[in-house]
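Open the model in your viewer and keep the selection tool at hand. The stops below can be taken one after another.

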Amino acid sequence: MERGQKIVNKFIDNPWMLRITALALAILMFFSVRPSGNTIDSTNSGIKEEVLRDVPVELRYDDNNFVVTGVPQTVDVKISGPVGIVITTKTGRNIKVVANIKDQPSGTHVVKFEPEGFSDKLAVEVEPKTAKVNVEERITKDVKVEPEINEGQLADTKYVKNMTTEPETVTVSGAKSAMDRITYVKATVSASKDADKTFEKVAGIKIFDRNMNILNVDVEPKTVKVKVELSEYNKEVPLVVNQKGKPAKGYTVDGVTPKSDKVLVYGSRGNLEKIQQVVVNADVEGLKKTTTVKGTLEKPTGVADLSFAAVDVRVKVSKENETSAKNKNETDTAKKAEEDTATEDVEKTFKNINVKLQGMNITDYSAEFITPSSGQINVIAKGASKLISALTTADIQAFANASKIDDGIQELPIQVKSSEGIELTPSLDQIKVRFTKQD
């Protein structure tokens with residue numbers, strides 16, 4: 001046994017035997033890890049192909065003086081080369097494609113895309129290889145911002161008294177073709193539901209052409225502070241004097257004239273539409289001569305407040321049968337003059353008439369007035385003096401048919417109507433409204 005052990009030790013200690021054993025193990029390991037089968041995967045030869053999607057394009061040009069359009073934001077890149085480099089490139093972040101337009105003048109050009117950040121051991125192909133671009137002169141100018149708000153977001157008793165922006169103007173720059181199309185520079189602010197107090201909010205700037213398409217231009221600053229001053233919704237209506245009591249025996253009241261013949265009533269839009277006049281109570285009890293009394297106003301139902309609660313009323317008093325003939329002649333003359341005047345045609349402008357959107361399904365759409373942003377217009381009424389003098393804002397209806405609308409901005413014809421014999425002309429033929437389909 002000792003002899004056998006010696007033989008084994010001698011075999012192990014022999015350097016040539018160790019070399020032969022190591023070689024055999026190396027050959028065995030090579031064949032054990034070698035891929036099997038007849039796969040056509042190019043990794044067998046150490047070469048791999050890959051298509052990199054959405055590689056960003058870096059645009060190089062003089063952006064202070066020019067604007068470039070027509071360059072895609074990303075392109076696809078096909079790479080081929082050693083497996084390890086392909087995999088590393090695919091997961092790397094330093095690769096990009098460059099479109100160099102620095103030396104190009106204004107006009108249309110074809111620019112070639114150049115890959116950067118790729119290993120020189122890779123075959124690189126950009127798709128598309130080129131792009132047709134347009135180089136235009138950059139124009140810069142200051143423009144005034146127009147603030148706007150959807151008054152439907154306000155409390156029913158409030159309206160926008162005034163809106164201002166800080167700053168009032170912004171600096172806009174872009175291609176000359178786009179700058180020439182600028183029509184509206186708007187800062188649209190939203191209010192909290194049923195807002196009833198003056199507030200300030202930051203609003204983004206949007207720039208539109210005449211068809212309300214957003215223009216691709218740069219603006220600085222991108223936001224402004226909008227101050228929205230709210231006031232109580234109101235309406236001016238005539239005062240009508242109601243005599244209380246009777247003058248002294250043997251005397252008669254020839255007329256009552258309030259110092260002011262109109263009053264402002266405050267409240268919700270819906271309630272004020274029903275109010276056509278306010279009654280003034282004037283006490284003439286026991287009067288023997290012409291005098292001025294304090295008249296008190298009756299606040300109609302639905303009115304939150306009046307611009308004043310009392311007014312001086314001049315009461316003209318005279319003895320009965322005194323100079324009756326003279327008074328009769330004067331009355332007849334005045335009556336004839338009044339009748340003549342009543343038949344003459346006159347014009348009167350009624351301001352801030354709300355345009356109603358008839359037929360709109362409010363469960364499917366919301367509406368935002370664009371032009372005018374208040375949703376109100378002025379209406380010129382023409383007709384006989386007697387009819388026009390009796391006409392009030394509540395008698396005039398302005399509306400637009402919104403029964404057939406789509407999502408987006410639309411222009412709707414404005415229609416107005418009132419009592420017969422009166423010709424109405426709206427200050428605008430159409431109203432522009434943005435309709436938004438509800439989710």
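Start by selecting Met212, which sits in the loop between strand 13 (199–208) and strand 14. The model is a predicted one. Met212 is not a glycine, yet its phi is positive, at about 65 degrees. Is Met212 buried or exposed? Met212 has a relative accessible area of 6%, and since buried means under 20%, Met212 counts as buried.

Next, go to the far side of strand 14, which covers residues 218–220. Select Pro221, in the loop that joins strand 14 to strand 15 (223–232). Show the backbone here: the peptide bond from Glu220 to Pro221 is cis, and its omega is near -5 degrees.

A cis bond is also the thing to look for at the next stop. Select Glu166 and Pro167; the peptide bond from the one to the other is cis, with omega near 5 degrees. Pro167 belongs to the loop between strand 10 (158–166) and strand 11 (169–175).

Now select another proline, Pro238, which is part of strand 16 (residues 234–244). With a relative accessible area of 28%, Pro238 is partly exposed. Which residues does Pro238 touch, apart from its neighbours within four places in sequence? They are Asp261, Lys262, Gln276, Gln277, Val278 and Thr392. Add Gln277 to the selection and draw a distance between the two C-alpha atoms: Pro238 and Gln277 are 39 residues apart along the chain, and these atoms are separated by 5.1 Å.

Move on to strand 23, which runs over residues 345–358. Select Asn352, found in strand 23. Asn352 has a positive phi of about 55 degrees, although Asn352 is not a glycine. Its relative accessibility is 48%, so Asn352 counts as partly exposed, the class that lies between buried (under 20%) and exposed (over 50%).

For the last stop, select Glu344, in the loop between helix 6 (324–342) and strand 23. Glu344 is partly exposed, with a relative accessible area of 46%. Which residues form a negative surface patch with Glu344? Add Asp345, Glu347 and Glu423 to the selection; together with Glu344 they make up the patch. Show the side chains of these residues and turn on the surface to see where the patch lies.

Notes
Residues numbered from 1 in each chain as written. Predicted model: local features only at pLDDT ≥ 70, side-chain atom pairs only at ≥ 80, totals over all residues. Heavy atoms only, no water. Patch = residues over 30% accessible without salt bridge, like charges linked within 9 Å, V, L, I, M, F, W, Y side chains within 5 Å. Areas by Shrake-Rupley, 256 points an atom, 1.4 Å probe, with all protein chains shown as cover. Salt bridge = Lys/Arg side-chain N within 4 Å of Asp/Glu carboxyl O. Lys, Arg positive; Asp, Glu negative; His and termini not counted. Charge placed at Lys NZ, Arg CZ, Asp CG, Glu CD. Helix = DSSP H or I, 4+ residues; strand = E, 2+ residues; numbered from the N terminus. Buried < 20%, exposed > 50% of the residue type's maximum accessible area, 1.4 Å probe, protein only. Contact = heavy atoms within 4.5 Å.
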